[in-house]
Amino acid sequence: MTDIKKVAVIDTGAGNLFSLFSCLKRIGLEPVMISQASDIDKQSEKQFKAMVIPGQGRFGSVMQRLNDNGLSKVIIDWYLQDRTIVGICVGLQIFFQSSEEDLGVEGLGLLEGRVTKLNSPKQPMVGWCSLNSDIPFLSDRDVYFVNSYAVKESRFATSLVSYGDEFSASIQSKGLTAFQFHPEKSGKQGEEILKQCLN
Amino acid sequence: MSKLKSRVIVCLDVANGRVVKGVNFKGLKDMGDPVELAINYQEQGADEIMFLDIKATLENRKNALDTVTNVAKNLSIPFTVGGGLNSYGDVVAFLDAGADKVALNTAAVKTPDLIDQIAIGFGSQCLVVAIDVNQVNEQYQVFINGGHTPTHKDPFKWISEVEQRGAGEILLTAMHKDGTGEGFDNDLMAKVCQKSSIQIIASGGASNAQDFVDTFKAGSDAALAAGMFHRGETTVSKVKEKLIQNSIEVRKC
């Protein structure tokens, strides 16, 4: 089983996935785009070692896309089965209950808490920040953030940063590891973080 | 207390698949292969690569998309592409080719609604508005078409407008400094950075590491240079060493 290299990348319908695909290939994985629930049935899901949920776009449009194409249920099943999932940016936020970005839209609700607008010096937050974490593979790494919204406090947080407000830079629960930053754009440091989660 | 690191951005001015650099936007010289140079700068510690096809507004840019894809495949840091993007369709094409962000300059002045459309369609984070400013009779003025055409627009008003419309960052080039090696126009940068609610990238005039120290002290969020790196006068790592010596926080690679 250790030689499985395929990773299911969920098509959230927003932004280009070129960076993420290139990064996954560079660390020796084979990304496969999953655009609807039928792309990943009970048989085929065994060929994937992990699922990656990329993160550009709005909370509301990503949730609508996932609900419309049946992928919300696929994600929830993987999470409940404790399978490896990596979420990035909005791909982290959707695991929570709701977001101030699109009030009235429900998230997957697997984690308690809500996404709120950052009270940051400049918006959107664009740039590199050091992670404050007790976890060795995250601690003091400099990573690239691009966001205006985040989960401020969470018992699932594994690293924090502050930019105006302090917020959760990464979270972990069951097989899910998710990042508010973009590891696929964070140079060698980001590649090492992804390798750690996906190998 | 974490805060954002000061970003050092390397610019590749590309024409016909080669990196070029001119003085005051004129006299273009061949500086090398864009893919090789981009990888080299990433290894030196550049925080971002900008690929500005400066001749694109004047000439055909067909193979620019292929070059973008080849550069993007090899980079693990943010990659911005600008020059010759005139429509929403052009933006889609360059993002699809692998760019993380696009930079709009002339097109933003001619069709400001394009800023709103991109911000709504893709989010502010992928839109840099590039503004070329020159001094005319001691007044700053916005120029377009690769610096060839004055617009009589006031840069400060234009900056507020693009922020309102949803730009994610501003690349502010002082044309009167570009290629001179006299350092960034830090009076201009300080004035803009104080008022602005989005990130400002200083550009035009850098020739050494001290110029980066000075512009970050003046308030710039990021600073961009091309020629000083392409000519091999210094490296990104040397610039970062100097920044660290001056207590300016930079990204550890």
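This is a short tour of a predicted model with chains A and B, going from the interface to the largest pocket and then to a few local details.

**Stop 1: the interface**

Start by colouring chain A and chain B separately, then select the residues in contact between them. You should pick up 39 residues from chain B and 29 residues from chain A. Together the two chains bury about 2700 Å², and 52% of that area is on carbon and sulfur atoms.

Next, turn to the charged pairs. Chain B and chain A are joined by five salt bridges. For one of them, select A:Lys185 and B:Asp100, whose side chains meet at 2.7 Å, N to O. Now widen the search to polar contacts: 17 residue pairs across the interface of chain B and chain A qualify, with both partners at pLDDT 80 or more.

Stay on the chain B side and highlight its secondary structure. Helices α2 (64-74) and α3 (88-96), along with strand β11 (199-203), each give at least two residues to the side of chain B that touches chain A. Which element supplies the largest share of that side? It is α2(B), with four residues. Colour this side of chain B by residue class and you will find 15 nonpolar, 11 polar and 13 charged residues.

**Stop 2: the largest pocket**

Now move to the largest pocket, which holds about 830 Å³ of space. A good way in is to select A:Glu101, A:Ser148, B:Gly123, B:Ser124 and B:Gln125, the residues nearest the pocket's centre among the 36 that line it.

Then show the surrounding elements. From chain A, α4 (90-93) and β8 (142-147) each provide at least two lining residues, as do α5 (113-122) and α6 (155-165) from chain B. Helix α5(B) makes the largest contribution to the lining, with five residues. Switch to colouring by class here too: the lining of the largest pocket has 11 nonpolar, 19 polar and six charged residues.

**Stop 3: a salt bridge within chain A**

Over all chains, the structure holds 26 salt bridges. For one inside chain A, select A:Arg26 and A:Glu191, whose side chains meet at 2.9 Å, N to O. How many residues apart are these two? They are 165 residues apart, so follow the chain from A:Arg26 in helix α1 (residues 18-26) to A:Glu191 in helix α5 (residues 187-198) and see how the pair links distant parts of chain A.

**Stop 4: two backbone details**

Zoom in on A:Pro124, in the loop between β6 (114-117) and β7 (125-130) of chain A. The peptide bond leading into A:Pro124 from A:Gln123 is cis, with omega near -5°.

Finish in chain B at B:His152, which sits in strand β9 (residues 149-153). Check the backbone there: phi of B:His152 is near 60°, a positive value in a residue other than glycine.

Terms used
Residues are numbered from 1 along each chain as its sequence is written. Chains are lettered from A and ligands numbered from 1 in the order in which they are written. This is a predicted model: local features need pLDDT of at least 70, side-chain atom pairs count only at pLDDT 80 or more; totals for chains, interfaces and linings use all residues. Side-chain values use heavy atoms; hydrogens and water are left out. On a 1 Å grid over the protein atoms alone, a cavity is a set of points where a 1.4 Å probe fits but cannot get out, and a pocket is an open set with protein on both sides within 12 Å along at least five of seven lines; lining residues have an atom within 4 Å of a point. Grid points are joined across faces, edges and corners, and a volume is the space filled by probe spheres set on the points. Ala, Val, Leu, Ile, Met, Phe, Trp, Tyr, Cys and Pro count as nonpolar, Asp, Glu, Lys and Arg as charged, and the others, Gly among them, as polar. Contact means heavy atoms within 4.5 Å. Buried area is the accessible area (1.4 Å probe) that two parts lose on being put together, summed over both. A salt bridge is a side-chain nitrogen of Lys or Arg within 4 Å of a carboxyl oxygen of Asp or Glu. A polar contact is a pair of N or O atoms within 3.5 Å; within protein, one must be able to donate a hydrogen and the other to accept it, and residues adjacent in sequence count only if both atoms are side-chain atoms.
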